[in-house]
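Reader: I am new to this structure and would like a close look at a single part of it. Please take the nonpolar core and what lies around it, and add a word on the sheet.

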Amino acid sequence: MPEFRYNILTQEWVIIATERAKRPMEFAQTIPRAMLPKLDPTCPFCPGNEAATATEVSRISRPGVSWQTRVIKNKFPALQEDLQPTVSGNFFRPKIDGFGIHEVIIDSPYHDRGITDLSFSDIETIIEAYRERYRTHERDPRVKHIILFKNNGEKAGSSIIHPHSQLIATPIISGQIQGRLNVTKNYRMEHHTCLMCDMVAQEMAQNTRIIYRNEHFVSFLPYAALSSFHTWIFPLEHHAHFGRLSDNQIPALADILYYVLKSQEKLLNYPDFNFVIRSAPVYTEDVDYHWYISIIPRLSKTAGFEIGSNIYINPSLPEANALELRNVVDTLKGLV
Ligand SMILES: [Zn+2]
Ligand SMILES: [Zn+2]
């Protein structure tokens, strides 16, 4: 029997309709990375082609490699850094000059290695680069919100194969993030606690949608997941802003990212995916909201019904998806 489920954080309804399910093996997607060259002379992000890319803003070096992670300005930015976010227009036609920051984080020098092919210390370096850029831009008084994300594969909107992530800082906050901020604020007024801290505690107590947890993070499928294998990673320590990530949380974040992504790859045959770090607007106090990561394997396309209603149809049961991923993690960890 199909059922409607409501996501209390995102305030979205989803239809869980398992009759429409496909078996995971039918999800096969992109070319395995083993087919890619180690270095592509035509790739703008490969070592040796640094001059071909846009301006470098920072790099993390290591002995033996000229750089491990590089951050560059996006060559085709959606927004421009040299503007002021001046508000103009009128009630019917409001506008703000298109200030914003658009950077690309080149994950590693290796053309053919995704996150799960890297060492844990290489994954930690990517996270350090994310945090360094976040902390830099949150000090810019023109910036209100910073979104860090990764489009992995064509179906996720990526145009360059070499593994990379992106950062966009905007002078506005979207209706989506404002909605989540309002929900967490209202909850705190009523219960004097953080909605997401309480939700994470509930998930851990119920233990039916958990994929994996370690000392500092937990991953689970949302109760009302919008799509198959949609996964959340939450820090156990309360902070609204990703920039508050502490040094001792970084290895744990690298660990959980590895196991979540690796289990999805194994089960779903290297799906294209989007990965988003969802953080509060930079000016908000550290009470409402609680930063987290969404990982969305791109297994189906958004169609007319979703566009028309904003109600998604998920053909799989989140509890069943979580169990499948948890079994893969247990195998990877040698627990079974
Ligand atoms: Zn490359
Ligand atoms: Zn919290």
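Author: What follows goes from the core to a hairpin beside one of its members, and then to a small sheet. The model is a predicted one.

The largest nonpolar core has 62 residues. Within this core, I105, Y130, I233, F234, I256, L257 and V260 touch the most other members. Helix 4, which covers residues 250-268, supplies eight residues, the largest share of the core.

V260 can serve as a point of entry. Apart from neighbours within four places in sequence, V260 has contacts with I211, Y212, S219, T231, I233 and I295. Two of these partners, Y212 and S219, also stand opposite each other, with S219 in strand 11. Strand 10 (residues 210-213) runs antiparallel to strand 11 (residues 217-220), and three bridges pair them. The link from strand 10 to strand 11 is a hairpin of three residues.

The sheet is a separate topic. Three strands form an open sheet in the order 1-2-15, and the pairing is mixed. Strand 1 (3-7) and strand 15 (312-314) each have a single partner strand and stand at the edges, so one side of each has no neighbour in the sheet. On average, and with direction ignored, neighbouring strands here are turned by 35° against each other. Strand 2, residues 12-16, pairs with strand 15 in the parallel sense over three bridges. One bridge partner can be named: I15 is matched with I313 in strand 15.

Terms used
Residues numbered from 1 in each chain as written. Chains lettered and ligands numbered in written order. Predicted model: local features only at pLDDT ≥ 70, side-chain atom pairs only at ≥ 80, totals over all residues. Pairing = 2+ DSSP bridges. Helix = DSSP H or I, 4+ residues; strand = E, 2+ residues; numbered from the N terminus. Axes fitted to C-alpha atoms, helices over the stretch in contact; angles between N-to-C directions. Core = buried A, V, L, I, M, F, W, Y, C linked by C-beta atoms within 7 Å. Buried ≥ 20, exposed ≤ 12 C-beta atoms within 10 Å, placed from the backbone. Contact = placed C-beta atoms within 7 Å.
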